[in-house]
Amino acid sequence: MNVMGLMNYWAFIFLMMVGFYILISQGNLVKKIVGLNVFQTSVFILYISMGKIRGGTAPILTEGDPIYSNPLPHVLILTAIVVGVATTALGLSLVVRIHEAYGTVEEDDIHDLDLAVAGGEDQSFPVSGMDARA
Amino acid sequence: MEDRLILRVGAKILIPFILMFALYVQFHGDYGPGGGFQAGLIFASAFILYALIFGLDTAKRVLPLGFVWFCGALGVWIFAGVGVVTLVMGGEFLNYDVLAHEPEHGQELGILLVELGVLTTVFGVMVAMFYAFAGRRQVR
Amino acid sequence: MTAHLPVLQVIIPLLAAPLCALARRGRIAWGIALATSWTTFWIAIQLLARVRSEGPISYALGGWAAPVGIEYRIDLLSAFVLVIVTGIGAVVTPYALKSVEREIEAAKIPLFYAAFVLCLTGLLGITVTGDVFNVFVFLEISSLSAYALIGLGQDRRALTAAFQYLIMGSIGATFIVIGIGMMYVMTGSLNMADLSVLLAELGPNRTIVVAFGFLTVGISLKLALFPLHLWLPNAYTYAPSTVTAFIAATATKVAVYMLLRFFFTIFGVVFSFDVMQLDRVLLPLALIAIVTMSLVAIFQTNVKRMLAYSSVAQIGYMILGISLASVTGLTGGILHLFNHALIKGSLFMAMGCVMYRVGSVEIDAMRGLGKKMPWTMAAFVAGGLSLIGVPLTVGFISKWYLILGALERGWWPVAALILAASLMAVVYIWRVVEVAYFQEGPGEDSSIVEAPLALLIPTWVLVFANFYFGIDATFTTEVAGAAARSLMGLVP
């Protein structure tokens, strides 16, 4: 087991930590989504690496009996990519609406705005301009 | 961007090829890398390019929002519909063997239909997402 | 067609979701959702009956046999959870009609039902499937629709709550995928039954240990185990009433089901509890959750938030039952899964009635409601009694088993803590009761009258179930006991 032979797995760990760090440290909601994306992408590398065989080709029936990579992890990760796309789209759409409702996408500012509504709990801010009791 | 001649002409030249390539990825998925998801994305990207160049309103005339939504829903129905048909024909859910006289043909037909469903949904959802995000600022 | 019930359980709501989205009017979408939820409930009951008489059902998707293809496998535990989820769905959907019309813009109502039905699809999918990657896919279907549903809340804080849930939920899901990937690397299988055999052959192994860690953290995030519960209070507080009732009663329950599946079925009791000593982690966390979260609940001024903190505490009870790793403890945990769904369902639905008439669920807004909305507040009190664990209610049954399980182990301090936390529940339920019954309302506001029957009937159905299964608990204890025995690896 040489270290360089595990390059992909090092990349996985590095990306995972980078993404996770961005996710935790950044107060900007858009940057959080970016971090989440990096974090999820790292898992794609993990899965794709585990299916790869050195010298293997795509798993398509051809003449002879070539060595081919395991297609299952790739298919699995295609599903995870779809999930990632959906998560990103939903996250960004929430960010857009948060921006419309608060006028900022900074977590600290949002927190302050929520606190500024002193005793905050009993007042509500309808997002849609629709009266709650209409 | 109506006055950018190069962009407009370039886009008009590219779009048919993008659409063709999407169909190639879809139908060549049996013999090479490809499939419904990728094809759907490429198919959607053609219309997104169109919307970028010619404006959202023009794009919505070409591809109304209602139709895009309908595509998104239709794809799920194609996919699950194939499954239900296999159920009715006596197989398990998505057991394509029963779709044709020979199991191999059934498998080929089944996977093609399912991928077509995936293409339709992915195309619809992607364009709908683009419309939703791009149209947001105009409302305000 | 009965042979295909396992897959129809998932496919029917999946087919209904796009129909809801395309429906022009909210009422049509509601009709579709109602038909779907009742059909799925009927299927779940059929499945439970079949599992009880014939044993576990296995269904090979696409005709591909088990280790290669995706298998849907329904045993007693999953059939039980299916009944819980679909049952709550069947009660909440009729309730949704009026509540949603009041709280959500008309244009968004069809989409609301689409997301609602999709969420149901995901939750049912997690429960029926016997394939670990499938669990992830369905988990994300249910979670993504849950984020969207929560984001539909009236208050702008619903958006930040949904965003926070999205971030934490996605981290949890990604951790679960990493864990699944590591198991796949070591065994080359994704089928649960196959994995349990292969993992047992493999023996303790560093990769598997890491996979175990990732899965534990990931699932704990999804089920809001104590230090990872931060997303839950806001999400429950600001979501629309219907969504809170549905999610509180089902989503965390299904996450607990996942925990049971992974730790008992796949990794096995021996690996989870003897090798990894999971109980040493779960037990303290469960106890901290029970005590601190009950304490926090006492100081809340928003009743929905109070109930949300109480939910975290109740999840602690379930985890406590699991960490006892004995048949009695597990029976208690699984029973509490069922019972807590009934309790929190009825409490949050009562709060939805208050929201409908009063427009607020602040504790101050409930002054004098005991006279103005007698049936709603009576439902709240009944649900509260059940939450406390008064005899003849379901809350009593599960706490009884948990205390028995703790005493069996000789852990009498744990039993004492369960009782102490029940007293705290008395305190926070009493705060609402006091305000509602013993304080005068602010002047005569004639607009506040009893909630409409469309809301009251579903609420009272759940309240009634609280008492029915509290008085005659033979059915639930029998099923939970048998499920616990089979999880522990004993022949039922």
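Where chain C meets chain A in this predicted model, the contact draws 31 residues from chain C and 35 residues from chain A. On the chain C side, the elements that contribute two or more residues are helix H5 (132-151) and helix H6 (157-187). H6(C) gives the most to this side, with 14 residues. If you sort the chain C residues that touch chain A by character, you get 14 nonpolar, 10 polar and seven charged.

Chain C also meets chain B. Here the contact takes 13 residues from chain C and 14 residues from chain B. The chain B side of that contact is made up of nine nonpolar, three polar and two charged residues.

Now let's turn to one helix of chain C, H20, which covers residues 474-487. With its 14 residues, H20(C) reaches 20 Å from its first C-alpha to its last, close to the 20 Å expected at 1.5 Å a residue. Follow the helix along and you will find these residues buried: C:Thr476, C:Thr477, C:Val479, C:Ala480, C:Gly481, C:Ala482, C:Ala483, C:Ala484 and C:Leu487. An α-helix has 3.6 residues a turn, so residues three or four places apart point the same way.

What do the buried residues of H20(C) pack against? Their partners are other helices of chain C: helix H3 (76-103), helix H10 (241-266), helix H14 (327-358), helix H17 (394-408) and helix H19 (453-471). Just beyond the helix, have a look at the backbone: H20(C) is followed by C:Gly489, whose phi is positive, near 85°.

Technical notes:
Residues are numbered from 1 along each chain as its sequence is written. Chains are lettered from A and ligands numbered from 1 in the order in which they are written. This is a predicted model: local features need pLDDT of at least 70, side-chain atom pairs count only at pLDDT 80 or more; totals for chains, interfaces and linings use all residues. Two residues are in contact if their C-beta atoms, placed from the backbone, lie within 7 Å. Helices (H or I, at least four residues) and strands (E, at least two) are DSSP runs, numbered from the N terminus. Ala, Val, Leu, Ile, Met, Phe, Trp, Tyr, Cys and Pro count as nonpolar, Asp, Glu, Lys and Arg as charged, and the others, Gly among them, as polar. The expected span of a helix is 1.5 Å times one less than its number of residues. A residue is buried if 20 or more other C-beta atoms lie within 10 Å of its own, exposed if 12 or fewer, and partly exposed in between; C-beta atoms are placed from the backbone.
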